[in-house]
Amino acid sequence: MPDATTNTEVQKSLQGLRDAAEAQGHDDELVVSLLREMTDLITKRQPRGGALSDEQVAFLIESGDFTEEEFAETEASLARGDLVKLERTTRLGAITDSLSVAEVAQVLSVDAARVRRRQAKGDLYAFLAGGKRRYPLWQFTGDPAQPVLPGLTVLVQGLPADMHPASIKGFMRTPQEDLRVDGERMTPVDWLLHGGDARALVSILGSFLQM
């Protein structure tokens, strides 16, 4: 069971995320998802003695925040509890950085039923959090003429089914060695915005997960 210190940290993390959600104008559904996800994280049994589980190590590396070498250098401090806090913040941050069905409907100027159909066809990426379907912001451009990333359908259909939404978010917003324009590394989001082939992203993900 989590101790009092852990619960206090959890409450602070949740309050910060809720404040951020309200500041960004998200609807009440986001708070519900955060509360349910936080409850799940609180009740998760942590490894004995603060040791790192294989799943936690893989999550940090897949998220794009660490290479294997960087992780090895910081493992000691993470084992003291930093990893739990980072994992919690990263996972809940993925929820905060997303939209509800109703919010996506407004962005795309369609009804909620059309949003769900597009997601079911693989034209939009969504994940479940606290029983609610959430649509990550990284796939939307902010341009009414082209509100979703070009090539998104190809990317969505090629995303590994078991890859956590937070890891996908980290990948999409992290410059990749194999994505270069004029010698400069690009994030997958910028790559697609500049007309890059979405199949290159699928290939990178496939190679990454096989390492």
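The protein has ten helices and five strands; helices (H or I, at least four residues) and strands (E, at least two) are DSSP runs, numbered from the N terminus. The model is predicted, so that local features need pLDDT of at least 70 and side-chain atom pairs count only at pLDDT 80 or more, while totals for chains, interfaces and linings use all residues. Residues are numbered from 1 along each chain as its sequence is written, and side-chain values use heavy atoms, with hydrogens and water left out.

**Exercise 1. The protein as a whole**

Task: State what share of the 211 residues is buried, and how much area the protein exposes.

Solution.
Step 1. Begin with the term: buried means under 20% relative accessible area, exposed over 50%, and partly exposed in between (1.4 Å probe, protein chains only).
Step 2. By this criterion, 40% of the 211 residues are buried.
Step 3. The exposed area of the protein is about 11,600 Å², of which carbon and sulfur atoms supply 49%. Accessible areas come from the Shrake-Rupley method with a 1.4 Å probe; for residues, only the protein chains shown count as cover.
Step 4. Turn to contacts, meaning heavy atoms within 4.5 Å. Among contacts with a separation of 6 or more, 62% are between residues 24 or more positions apart.

**Exercise 2. Strands and their pairing**

Task: Determine the order of the strands in the open sheet, and explain why β1 and β2 each have one side without a neighbour.

Solution.
Step 1. Two strands pair if DSSP finds at least two bridges between them.
Step 2. The open sheet has three strands in the order β1-β3-β2, with antiparallel pairing.
Step 3. β1 (98–99) and β2 are at the edges and have a single partner strand each, so one side of each lacks a neighbour in the sheet.
Step 4. Antiparallel β2 and β3 (residues 132–136) are joined by three bridges; in β3, K132 is the bridge partner of A129.
Step 5. A further antiparallel pair consists of β4 (residues 176–181) and β5 (residues 184–186), with three bridges. Here V181 has E184 in β5 as its bridge partner.

**Exercise 3. Two positive phi angles**

Task: Locate S109 and D182, and decide whether S109 is buried or exposed.

Solution.
Step 1. Recall the background: most residues other than glycine have a negative phi, and most peptide bonds are trans.
Step 2. S109 lies in the loop between α5 and α6, and its phi is positive, near 60°.
Step 3. Because its relative accessible area is 67%, S109 is exposed.
Step 4. D182 belongs to the hairpin of β4 and β5, which has two residues between the strands, and its phi is positive, near 55°.
Step 5. The relative accessible area of D182 is 77%, so D182 is also exposed.

**Exercise 4. The nonpolar core**

Task: Identify which residues touch the most other members of the largest nonpolar core, and trace the contacts of I168.

Solution.
Step 1. A nonpolar core is a set of buried Ala, Val, Leu, Ile, Met, Phe, Trp, Tyr and Cys residues joined through side-chain atoms within 4.5 Å.
Step 2. The largest such core has 35 residues, and L124, W138, L155 and M172 touch the most other members.
Step 3. At least two core residues come from each of α4 (68–96), α5, β2, α7 (152–158), α8, α9 (188–193) and α10 (198–210).
Step 4. In helix α8 (residues 165–172), seven of the eight residues are buried, including I168, F171 and M172.
Step 5. I168 counts as buried because its relative accessibility is 1%. Beyond its neighbours within four places in sequence, I168 is in contact with Y125, W138, L159 and M163.
Step 6. I168 and W138 are 30 residues apart along the chain, and their C-alpha atoms are separated by 9.7 Å. Other contacts of W138 outside four places in sequence include L149, L152 and V189.

**Exercise 5. A buried aspartate**

Task: Describe where D123 lies and which side chain it joins in a polar contact.

Solution.
Step 1. D123 is in the loop between α6 (112–121) and β2 (127–129).
Step 2. Its relative accessibility is 18%, so D123 counts as buried.
Step 3. A polar contact is a pair of N or O atoms within 3.5 Å; within protein, one must be able to donate a hydrogen and the other to accept it, and residues adjacent in sequence count only if both atoms are side-chain atoms.
Step 4. The side chains of D123 and T153 make such a contact at 2.9 Å.
Step 5. With neighbours within four places in sequence left aside, D123 is in contact with R118, L152 and T153.
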